[in-house]
Amino acid sequence: MAETAIDYGAAFKALPGMVALLTPELVYADVNEEFARVSGRSREQLIGKYLFDVFPDNPNDPAATGMRNLEASLYRVLATGERDTMALQRYDVEDPERPGEWQERYWSPVNAPLLGSDGKVVLILHRVEEVTELIRARGGSPGNRGSRTRVLEAELYTRARELQDLNDRLRQAHSREREVALALQEAMLPAPRQVRNHPAAVRYRPAVGALNVCGDWYDLVDLVGGDRIGVAVGDVVGHGLAAAGVMGQLRSALSAASRVADGPAQALDVLGRYAHVIDGAESATAVTTFVDCNRHVITYSSAGHPPPVLVHPDGRTEFLDQATDTPLDARPDPIRRPQAETTFTVGAKLVLYTDGLIERRHEDIDTGLDRLAEALRRHRNQDPETLADTVLLELLPPGGATDDTALIIVRL
């Protein structure tokens, strides 16, 4: 029996529930017939229009929160690429036949992402169930407005709203913790500066979300013995204040070790032994480079971290990936970590970063590395400060990354 082609457009329009498709700019891309019917708007009044231009908050209700809550949910979907189920919302709607008159309405929304081939959110599926009658039934008697079952259902929706209020309070508490963590990180990480005679730019972008901060770090140090500098980045698994504390300990330890070590491998050996005794340092990664500007040589070693990039003046990009080893705490024995060397010419740029810059959900990491190399090649003539901003703009998702991102660029 031959398979029958499915007309998904027709299926979408015939869905029994209210469903709309929104662009990342929160503009209606499509709505099904039920959405148009229940909302009291035609497709022409919806498609191509900004969501909150069509459905603003009731201006006569200063306590209205429906628009703000829905907007927050939609932006969470854009930022995380994850489904977001909202609790009951009171969201009044203007009567389309009587401008200025508002109808009290209650809704139960669910917002889900539709991802493109690059893992980014290309559309949001906005499904809404109207529960106005259930809420009204809560105040009625069994013989009048509804059965006891409907009253209990309305009670469940009311409890769901209370749960959302609790979640809102938790988000506020997490937001305060995030601010403390960011302040702690800012105090522990070195400020952007010139290293000896070499202009440097550093950037840190916290992940989207209340607690997704403070896992990544960077460091710039002057090394003894001529025109030598150390450049390093690292990544601590976890987020929040605990990760910030671990990050500070590891960064300080590597900074001290680099000043006395005979090379980056020995510095990571010392840091790895230290990581074994720090709770929360499990699976932490780091990469460090020792740059001898007199000899034009970079010596480097990596403990499970993405490879630095050397951008040559002619546009050639070189990944420093010939000395990659296991994460910091994965070596209980004293075996020396590998290290390698490469040469550079004056004007080259050394770029170190953390995985938030290149990794995307449902995408091979090589794709992210290629994207980084291409951006650095095209914009290689920019100064470090401008180049850092350009790279972040081109590589990070519009709604923000789901992991911390640290970036450091030094002109050699």
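His 296 sits in the loop between β12 and β13, the latter strand covering residues 297-303. In this predicted model, the phi angle of His 296 is near 60 degrees, a positive value in a residue that is not glycine. With a relative accessible area of 27%, His 296 falls in the partly exposed class, because that class runs from 20% to 50%. Ser 283 is another non-glycine residue with a positive phi, here about 65 degrees. Its place is the loop that links α9 to β12, a strand made of residues 285-292. Ser 283 counts as partly exposed too, at 42% relative accessibility. So β12 has a positive-phi residue in the loop that comes before it, Ser 283, and His 296 in the loop that leads on to β13.

Stepping back to the whole chain, the protein has 11 helices and 19 strands. Of its 412 residues, 48% are buried. Taking contacts with a separation of 6 or more, 62% join residues 24 or more positions apart. The protein exposes about 19600 Å², and carbon and sulfur atoms supply 52% of that area. As for confidence, the mean pLDDT is 83, with 79% of the residues at 70 or more. Residues 140-145 are a stretch to treat with care: pLDDT stays under 50 there, and the model has 7 contacts for them beyond four places in sequence. Where pLDDT is low, the predicted coordinates should not be read in detail.

Back to α9, the helix on the other side of the Ser 283 loop. Helix α9 takes in residues 264-275, and its 12 residues should span 16 Å at 1.5 Å a residue; the end C-alpha atoms are indeed 16 Å apart, so expectation and model agree. The expected figure counts one less than the number of residues, because that is how the span is defined. Buried positions in α9 are Pro 264, Ala 265, Ala 267, Leu 268, Asp 269, Leu 271, Gly 272 and Ala 275.

Helix α11, residues 384-395, passes the same kind of check: 12 residues at 1.5 Å each should span 16 Å, and the C-alpha atoms at its ends are 16 Å apart. At the N-terminal end, Asp 383 acts as a cap, with a side-chain oxygen 3.1 Å from the backbone nitrogen of Glu 385. Which residues of α11 are buried? They are Pro 384, Leu 387, Ala 388, Thr 390, Val 391, Leu 392 and Leu 395. These buried residues pack against three strands and a helix, namely β9 (200-205), β18 (349-353), β19 (405-411) and α10 (365-378).

Ser 39 belongs to helix α2, residues 33-39, and has a relative accessible area of 4%, so it is buried. Its side chain reaches the backbone oxygen of Phe 35 at 2.8 Å, and a polar atom of that side chain also lies 3.3 Å from the backbone oxygen of Ala 36. Leaving aside residues up to four places away in sequence, Ser 39 touches Met 18, Leu 46, Phe 55 and Val 93. One of these, Val 93, is in β5 (93-94), the strand before the loop that holds Glu 97. That loop runs on to β6 (102-103). Is Glu 97 buried or exposed? At 68% relative accessibility, Glu 97 is exposed, since the cut-off for that class is over 50%. The C-alpha atom of Glu 97 is 9.0 Å from that of Gly 40, although 57 residues separate the two along the chain.

Another buried polar residue is Asp 219, at 6% relative accessible area. Asp 219 is part of strand β10, residues 216-223, and its side chain makes a polar contact of 3.1 Å with the side chain of Ser 255.

Finally, the aromatic rings. A search of the whole structure turns up 2 aromatic pairs. In the pair formed by Tyr 50 and Phe 52, the ring centres are 5.8 Å apart and the planes meet at 80 degrees, so the arrangement is edge-to-face. Planes over 60 degrees apart count as edge-to-face. The partners are covered to unlike degrees: Tyr 50 is partly exposed at 29% relative accessible area, whereas Phe 52 is buried at 6%.

Conventions. Residues are numbered from 1 along each chain as its sequence is written. Side-chain values use heavy atoms; hydrogens and water are left out. Helices (H or I, at least four residues) and strands (E, at least two) are DSSP runs, numbered from the N terminus. Buried means under 20% relative accessible area, exposed over 50%, partly exposed in between (1.4 Å probe, protein chains only). Contact means heavy atoms within 4.5 Å. Accessible areas come from the Shrake-Rupley method with a 1.4 Å probe; for residues, only the protein chains shown count as cover. pLDDT is the predictor's confidence in each residue, from 0 to 100. A polar contact is a pair of N or O atoms within 3.5 Å; within protein, one must be able to donate a hydrogen and the other to accept it, and residues adjacent in sequence count only if both atoms are side-chain atoms. Rings of Phe, Tyr and Trp (its six-membered ring) pair if their centres lie within 6.5 Å; planes under 30 degrees apart count as stacked, over 60 as edge-to-face and the rest as tilted.
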